[in-house]
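I sat down with my notebook and a fresh structure today. Here is what I looked up, step by step.

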Amino acid sequence: MAGIRSRTGWPAPRAGQLTGSHLLASNTPGHRFHAELSGQWQETPAARLHHDPCAAATHHALETARSTATRYPLGEHQAAQAHINSRLGTEADLDDIPVRLLWARVELTVTVEDLAAATALERRLHEEALNKQSRRRRQQEAEELHQTLAATPTLTLAYWLANHPEATGKDTVEAINQLAQQITDHAPDNAWVQAARLLQTFVERLDRDQRANLVESLAQIMTRYDEPRLADDMRAIASGMALLNGHASHNPPGPDTKDR
């Protein structure tokens, strides 16, 4: 039986409704929106009609909805729904297909359980991003400090002692001079790596009074090299450590007692 034709000789265009439940991926990894699709489609005149115009219209509506839904986290389903429907609310002719989408609409919902899981996931991802950023910043600071200390031997020694005020003692001027001379003569490339090791071995054998004397001796050296601020900082740190341990800071030995 022949199909019904219009007065112009073309068959009457088919039309129909869009319905169905679908899942749309959200911006939250592993979580999706529940979407109820509704709408209306209509054929357009063409020499060769589409076999399933409803499927073509549904596909177009879902592709439009998916491309928008992926921009939103699961907790922003209302905003995502408004954005999607603003794009689907007007007529649109499908590319290379004789079908027109008259209008479409989606209603997005999320379950309480999905929302709670998505919120926990987003919080965890945020914390991981902050921790990664913090580790990257600490690594950068360490690299910058390493470059600075490697280029400035005097600062290397001062930095080590400032962070280890307990590791100080007497007879430091002679010991440090001998240490510097030995390093310069035998290992100029890795001088201050060896310096740190030798200095650590040296101070391990000193008592508290000897270490306090070492701080004062190094502070005097820094002053002679026009670094009075570093000298004051070293004395302040050593004094603070002595008070923290229940002892008053020690005064430098006088010239009449140096060789006793």
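**A bridge to start with**

I began with one pair: Ser21 has Glu36 as its bridge partner in S2. This is a predicted model, where local features need pLDDT of at least 70, side-chain atom pairs count only at pLDDT 80 or more, and totals for chains, interfaces and linings use all residues. Residues are numbered from 1 along each chain as its sequence is written, and side-chain values use heavy atoms, with hydrogens and water left out.

**The sheet**

I then looked at S1 and strand S2 (residues 32-43), which run antiparallel and are joined by 11 bridges. Strands here are DSSP runs (E, at least two residues) and helices are too (H or I, at least four), numbered from the N terminus. Two strands pair if DSSP finds at least two bridges between them.

How are the strands ordered in the open sheet? I read the order S1-S2-S4-S3 for the 4 strands, with antiparallel pairing. Strand S1 (15-25) and strand S3 (92-93) are at the edges with a single partner strand each, so one side of each has no neighbour in the sheet.

**Helices on the sheet**

Next I followed helix H1 (residues 53-69), which lies across S1, S2, S3 and strand S4 (99-109) and runs at about 35° to S1. Helix H2 (residues 77-88) packs on the sheet too, touching S1, S2 and S4, and its direction makes about 175° with that of S4. Axes are lines fitted to C-alpha atoms, for helices over the stretch in contact, and angles run from 0 to 180 degrees between N-to-C directions.

I also checked the two helices against each other: the axes of H1 and H2 come within 9 Å and cross at roughly 140°. Where they meet, Ala61, Thr64, Ala65, Ser67, Thr68 and Ala69 in H1 face His83, Ile84, Arg87 and Leu88 in H2 in contact (heavy atoms within 4.5 Å).

**The core**

Which residues have the most contacts inside the largest nonpolar core? I noted Leu18, Leu24, Phe33, Ile84, Leu101 and Leu108, in a core of 25 residues. Such a core is a set of buried Ala, Val, Leu, Ile, Met, Phe, Trp, Tyr and Cys residues joined through side-chain atoms within 4.5 Å; buried means under 20% relative accessible area (1.4 Å probe, protein chains only). H1 gives the largest share of this core, 6 residues.

**The whole protein**

Last, I counted 8 helices and 4 strands in the protein. Of its 260 residues, 30% count as buried.

Key:
Buried means under 20% relative accessible area, exposed over 50%, partly exposed in between (1.4 Å probe, protein chains only).
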